[in-house]
Amino acid sequence: MALPPLDSPQWNSSLRAFAWGASSITRTVLTMVLFATYLGIGALAHDTKFSLGWTLASTAFVWAGPAQIILITTLGSGATIVQSAIAVTVSAIRLFPMVVSVLPMMRTPQTKRRHLILVAHLTAITLWVECYRFLPHVPRERRLAFIHGLGLGLVTVCLIANTIGYLLAANLTPLLAAGILMLTPLAFLLSTARNCRELADVVALVLGLVLFPLATKLGSGFDILVSGLVAGTIAYGVHWWRRA
Amino acid sequence: MSNFIGDWHALVTLFIAGVIPNQIWRMFGLLFGSGIDEGSELLVWVRAVATAILAGVIAQIVFQPPGALASVPDALRYSAVLAGFLAFISIRKSIFAGVACGEIVLLTGKWWLG
């Protein structure tokens, strides 16, 4: 089912736009991938002796898969709060450029900063990817309502998945657990690849993958940041050089 | 109910080690991103860095696998990613086909190796 055309009266109400956003969780394969990922996080949290309430709170308030996996594994393996906080914050740096690039797509001259707080919170890899796909088909003045619907819909799916994963944990075989953990890189890689619109995007993706193993050899402790900054800047250089 | 929440200290730890270090970057984005134009050159660079950092997260899970994924041999993990990408390319850029193919390679390979 496709979204209504841009000039359709369906877009006249914000509530309708919210509902279109919420129902759009059925229009992306990433919802299934998130479901499976958060099934895995629920199981991981159970095995690491965190409570179900803690797990659900981490999904609602952190809302970033990689950060949650890092938090659970580091705290579970006996790291200090400070060590966990540093690992989480390094993984979360990517949220800064994501928020910066996503917000202009839904801002209108009337939009106040406080209207964007919830969208900033909901912004994570999946929402960032889907904004580029969905928003061109949503009238600008309804984009905020649409994204609130889509984002809260995805959070709800993940809270349900957490609960199921937590309760299933005892029955998850190592084979299935490995399969669930593999879903994340596969889905993130392919959805980013599909979203590559310009050469700069392709260069950033490929170089980001290739430079990471090299960055780990430097042993700085900030591997993802180093490879990301270098690969992203080279990709921007390619973009600039082609335009010049 | 106390079982559902568990230890209150753990919730405090969640906020100090998880929520704040994570949210701070979103709030920076909200504070400093407001003035940036959608078509600006700065945004092209920022987007490229975000894409490359995401690529790094993907690479980290594959090269330094967490938990149960670490029990899968390196070559099998790389083969699964390659198979998934080839299926994605050859079947009309379908994410579903790519993910399914990668998973089939990983699961049957792991099952066969025991």
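Start by selecting chain A and colouring its two parts: domain 1 covers 13–195 and domain 2 covers 197–244, with bounds from an automatic or database domain assignment. This is a predicted model, where local features need pLDDT of at least 70, side-chain atom pairs count only at pLDDT 80 or more, and totals for chains, interfaces and linings use all residues. Residues are numbered from 1 along each chain as its sequence is written, while chains are lettered from A and ligands numbered from 1 in the order in which they are written.

The centres of those two domains of chain A, taken over C-alpha atoms, are 24 Å apart. Each domain gives 5 residues to the contact (C-beta atoms, placed from the backbone, within 7 Å).

Now switch to chain B. You'll find 5 helices and 0 strands (DSSP runs numbered from the N terminus: H or I of at least four residues for helices, E of at least two for strands). Measure its box along the principal axes and the C-alpha trace spans about 50 × 50 × 25 Å.

Next, pick α5(B), residues 95–113: its 19 residues reach 27 Å from first C-alpha to last. Show side chains for its buried residues, among them B:I95, B:V99, B:L106 and B:K110 (buried: 20 or more other C-beta atoms, placed from the backbone, within 10 Å of its own). What do the buried residues of α5(B) pack against? Add α2 (30–47) and α10 (174–194) of chain A, plus α4 (74–90) of chain B, and you have the partners.

Last stop: B:G114, which follows α5(B) and has a positive phi, near 85°.

Definitions and conventions:
The expected span of a helix is 1.5 Å times one less than its number of residues. A residue is buried if 20 or more other C-beta atoms lie within 10 Å of its own, exposed if 12 or fewer, and partly exposed in between; C-beta atoms are placed from the backbone. Two residues are in contact if their C-beta atoms, placed from the backbone, lie within 7 Å.
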